[in-house]
Protein chains: 2
Amino acid sequence: MNTAGHIHGHPTEEATAVLKALSDPNRLRIFARLMQGDTCNCELVQELNLPANLLSHHLRVLSEVGLVTGRRDRIDGRWVYYSVDRAAAARWQAWLAALLDPAQIRVRPLCGPEGG
Amino acid sequence: MNTAGHIHGHPTEEATAVLKALSDPNRLRIFARLMQGDTCNCELVQELNLPANLLSHHLRVLSEVGLVTGRRDRIDGRWVYYSVDRAAAARWQAWLAALLDPAQIRVRPLCGPEGG
DNA sequence: TAGTTAATTCAATGTCTATTGTATTATAGG
DNA sequence: CCTATAATACAATAGACATTGAATTAACTA
């Protein structure tokens, strides 16, 4: 099947992967939380009331599409801090703004009887 | 499980439903195509090279979350024209712009050793 | 009424995935 | 070495979903 198209300069598959990453309630909560500042896994356990392994899974999904990045604590390597990737956020914000721009909605000549 | 939260004024479930609707490659192509102007199902069959019943299914998903609306031809009621809902597009454009706004990314005091 | 076209609905299927429980890795400190 | 903690990895399961094929509805026309 043809899945290699592009929309607004981005491959369709890449865009849908990002949208799918954000289309889960728990992942959306995680992302919105990370927008408020870096946190470790264990803090998300308390704030979002989710098991640690489930958070690891969701953080991985968000990382794989580039929305989130993680780094280890320099003092105590057991801790990993996750944060929103600024460039990715900006890129997809602009892409979605173009995709959904109401000013760009066009009503071209309709097909069918009414339009022809 | 707590799924009744709100993000930027919208229920989490409603937002994820919209994101999920757009997170399928075919539905994203359909939506992007509808941004270019109203079309009937049968025209999408040709342009996107997908079976009619599959298009009906995807158009229903997009309609159920309010992104797309359909209306029957006044002359020949067999034809149904689908179009992007302008208000919904504007609403979710703004919502996503806020969700992904890179200017709002904060780096609050970290948890763990490095932060404390 | 019969036939044609546009669209939808229904049923079945294979795949993907969110979640849970358990086990393992990695790092730090006694 | 032993223990504890933060995080990840693995395995299993149940539910969701995209796709296909066939059947059905709705509307128009001869």
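Reader: Which residue in E5(A) stands opposite A:Thr69?

Author: In this model, which is predicted, the residue opposite A:Thr69 is A:Ser83 of E5(A).

Reader: What makes E4(A) and E5(A) a pair?

Author: Two strands count as paired if DSSP finds at least two bridges between them. E4(A) and E5(A) are joined by 5 bridges and run antiparallel, so they are paired by that rule.

Reader: Why are E3 and E4 of chain A called edge strands?

Author: The sheet in chain A is open and has 3 strands, in the order E3-E5-E4 with antiparallel pairing. Strand E3 (39–40) and strand E4 (68–72) of chain A each pair on one side only, and these are the edge strands.

Reader: How do you know that E3(B) and E5(B) are paired?

Author: The rule asks for at least two bridges. E3(B) and E5(B) have 2 bridges and run antiparallel, so the pairing rule is met. B:Cys40, for instance, has B:Tyr81 in E5(B) as its bridge partner.

Reader: In what order do the strands of the chain B sheet lie, and which are its edge strands?

Author: In chain B, 3 strands make an open antiparallel sheet in the order E3-E5-E4. The edge strands of chain B are strand E3 (39–40) and strand E4 (68–72), each pairing on one side only.

Reader: How do you know how chains A and B are related?

Author: A turn of 180° and a shift of 0.0 Å along the axis lay chain B on chain A with an RMSD of 0.0 Å. The two copies are therefore related as by a two-fold rotation axis. Both copies use the same surface, since 100% of the contact residues of chain B recur in chain A.

Reader: What makes up the contact between the chains, and how much area is buried?

Author: The contact takes 60 residues from chain A and 60 residues from chain B. Together the chains bury about 5,300 Å², with 65% of it on carbon and sulfur atoms. On the chain B side, B:Leu100, B:Ile105 and B:Glu114 lose the most area to chain A, together 13% of what that side buries.

Reader: What makes a residue part of the surface near DNA strand D, and how many residues surround that strand?

Author: A heavy atom of the residue must lie within 4 Å of the strand. DNA strand D is surrounded by 25 residues, and the closest are A:Cys42, A:Ser56, A:Tyr82, B:Arg27 and B:His58. These residues of the surface divide into 10 nonpolar, 8 polar and 7 charged.

Reader: Which elements of the two chains supply at least two residues of the surface near DNA strand D?

Author: Chain A does so with helix H3 (41–48), helix H4 (52–64) and strand E5 (80–84), and chain B with helix H2 (25–35) and helix H4 (52–64).

Reader: Why does the pair of atoms between B:His58 and DNA strand D count as a polar contact?

Author: The limit for N or O atoms is 3.5 Å. An N or O atom in the side chain of B:His58 is 2.6 Å from a phosphate oxygen of DNA strand D, so the pair is a polar contact. The side chain of B:Asn26 has an N or O atom 2.9 Å from a phosphate oxygen of DNA strand D. For A:Cys42 a backbone N or O atom is used, at 2.6 Å from a phosphate oxygen of that strand.

Reader: What share of the atoms of DNA strand D within 4 Å of the protein belongs to sugar or phosphate?

Author: For DNA strand D, 74% of those atoms belong to sugar or phosphate, and the rest to bases.

Reader: Which residues are closest to DNA strand C?

Author: Among the 25 residues surrounding DNA strand C, the closest are A:His58, A:Arg78, B:Cys42, B:Ser56 and B:Tyr82. Sugar and phosphate make up 75% of the atoms of DNA strand C that come within 4 Å of the protein.

Reader: Why does A:Ile75 count as having a polar contact with DNA strand C?

Author: A backbone N or O atom of A:Ile75 lies 3.3 Å from a phosphate oxygen of DNA strand C. That is within 3.5 Å, so it counts as a polar contact.

Definitions and conventions. Residues are numbered from 1 along each chain as its sequence is written. Chains are lettered from A and ligands numbered from 1 in the order in which they are written. This is a predicted model: local features need pLDDT of at least 70, side-chain atom pairs count only at pLDDT 80 or more; totals for chains, interfaces and linings use all residues. Side-chain values use heavy atoms; hydrogens and water are left out. A polar contact is a pair of N or O atoms within 3.5 Å; within protein, one must be able to donate a hydrogen and the other to accept it, and residues adjacent in sequence count only if both atoms are side-chain atoms. Helices (H or I, at least four residues) and strands (E, at least two) are DSSP runs, numbered from the N terminus. Ala, Val, Leu, Ile, Met, Phe, Trp, Tyr, Cys and Pro count as nonpolar, Asp, Glu, Lys and Arg as charged, and the others, Gly among them, as polar. Copies are superposed by least squares on the C-alpha atoms of residues with pLDDT of at least 70 in both. Contact means heavy atoms within 4.5 Å. Buried area is the accessible area (1.4 Å probe) that two parts lose on being put together, summed over both.
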